[in-house]
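Good morning, colleagues. Please have the sequence and the model open before you, as I shall refer to both throughout this short presentation.

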Amino acid sequence: GILMEYINWYGKQLSNRSMTLHFNDYRSDLFNVSNRVDRGCPLLVIGFLFYNSPVLHVANTEGQKTILGFIDDITLAAQGTSYEEANGKLKNIIKKQGGALDWSREHNADFELDKTALL
């Protein structure tokens with residue numbers, strides 16, 4: 001397991017955060033940040049390993065399906081003899097109970113569908 005002192009420290013990094021946006025001649029009012037971590041935090045990589053690990057287990061290895069993850073990027077892969085077969089396997093990984101969409105909702109981690117492709 002992970003020592004509670006590390007968990008508590010990381011939790012403090014994610015709570016009571018606020019920011020102001022600055023660009024061109026614009027400056028926003030201060031607003032609360034309800035999710036995300038600071039870019040450049042040296043523990044970001046380790047945090048994502050723990051945070052994203054449950055979604056990597058959504059696809060079982062039966063039926064030529066897998067999920068790969070690196071930091072905050074996740075790749076769903078399925079092999080099929082046709083587009084329809086592969087697409088059906090991917091839909092199952094995403095939509096099944098306890099699947100990728102359930103994980104996404106539970107972890108406040110939106111999938112960016114504009115970055116989605118089927119090869």
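The chain contains four helices and six strands. I should say at once that this is a predicted model. Following the sequence from its start, one meets the elements in the order α-β-β-β-β-α-β-β-α-α.

Allow me to begin with the chain as a whole. The chain has 119 residues, and 18% of them count as buried. Its accessible surface amounts to about 9500 Å², with carbon and sulfur atoms accounting for 54% of that area. As for contacts between residues at least 6 apart in sequence, 30% of them link residues that are at least 24 apart.

I turn now to the surface. Which elements each supply at least two residues of the nonpolar patch? They are α1, residues 4-13, and α2, residues 44-52. The patch is formed by Ile2, Leu3, Met4, Tyr6, Ile7, Trp9, Leu43, Val45, Ile46, Leu49 and Phe50, and together these residues have about 1100 Å² of accessible area. One of them, Phe50, is located in helix α2.

Next, please look at the loop that runs between β3, residues 26-27, and β4, residues 31-33, where serine 28 is found. Is serine 28 buried or exposed? Its relative accessible area is 10%, and serine 28 is therefore classed as buried, the cut-off for that class being under 20%. A polar atom of the serine 28 side chain lies 2.9 Å from the backbone nitrogen of leucine 21. If neighbours within four places in sequence are set aside, serine 28 is in contact with Thr20 and Leu21.

The aromatic residues come next. A search of the whole structure yields one aromatic pair. The ring centres of phenylalanine 23 and tyrosine 26 are 5.2 Å apart and the ring planes meet at 40°, so this pair is tilted. The reasoning is that planes under 30 degrees apart would count as stacked, and planes over 60 as edge-to-face. Phenylalanine 23 is partly exposed, at 47% relative accessibility, and tyrosine 26 is likewise partly exposed, at 43%.

We come to the charged side chains. How many salt bridges does the structure hold? There are two.

One salt bridge joins the side chains of glutamate 85 and lysine 89, with an N to O distance of 3.4 Å. Both residues belong to helix α3, residues 83-95, and they stand four residues apart, about one turn of the helix. Glutamate 85 has a relative accessibility of 31% and so counts as partly exposed. Lysine 89, at 16%, counts as buried.

The other salt bridge is between aspartate 102 and arginine 105, whose side chains meet at 2.6 Å, N to O. These two residues lie in helix α4, residues 100-106, three residues apart, again about one turn of the helix. Arginine 105 is exposed, since its relative accessible area is 59%.

Finally, I would draw your attention to histidine 57, in the loop between α2 and β5, the latter being residues 65-70. With a relative accessibility of 65%, histidine 57 counts as exposed. Histidine 57 and leucine 68 are separated by 11 residues in sequence, and their C-alpha atoms are 9.6 Å apart in space.

That concludes my presentation. Thank you for your attention.

Terms used. Residues numbered from 1 in each chain as written. Predicted model: local features only at pLDDT ≥ 70, side-chain atom pairs only at ≥ 80, totals over all residues. Heavy atoms only, no water. Patch = residues over 30% accessible without salt bridge, like charges linked within 9 Å, V, L, I, M, F, W, Y side chains within 5 Å. Areas by Shrake-Rupley, 256 points an atom, 1.4 Å probe, with all protein chains shown as cover. Salt bridge = Lys/Arg side-chain N within 4 Å of Asp/Glu carboxyl O. Buried < 20%, exposed > 50% of the residue type's maximum accessible area, 1.4 Å probe, protein only. Polar contact = N/O pair within 3.5 Å; in protein donor to acceptor, adjacent residues only side chain to side chain. Contact = heavy atoms within 4.5 Å. Phe/Tyr/Trp six-rings, centres within 6.5 Å; stacked < 30°, edge-to-face > 60°.
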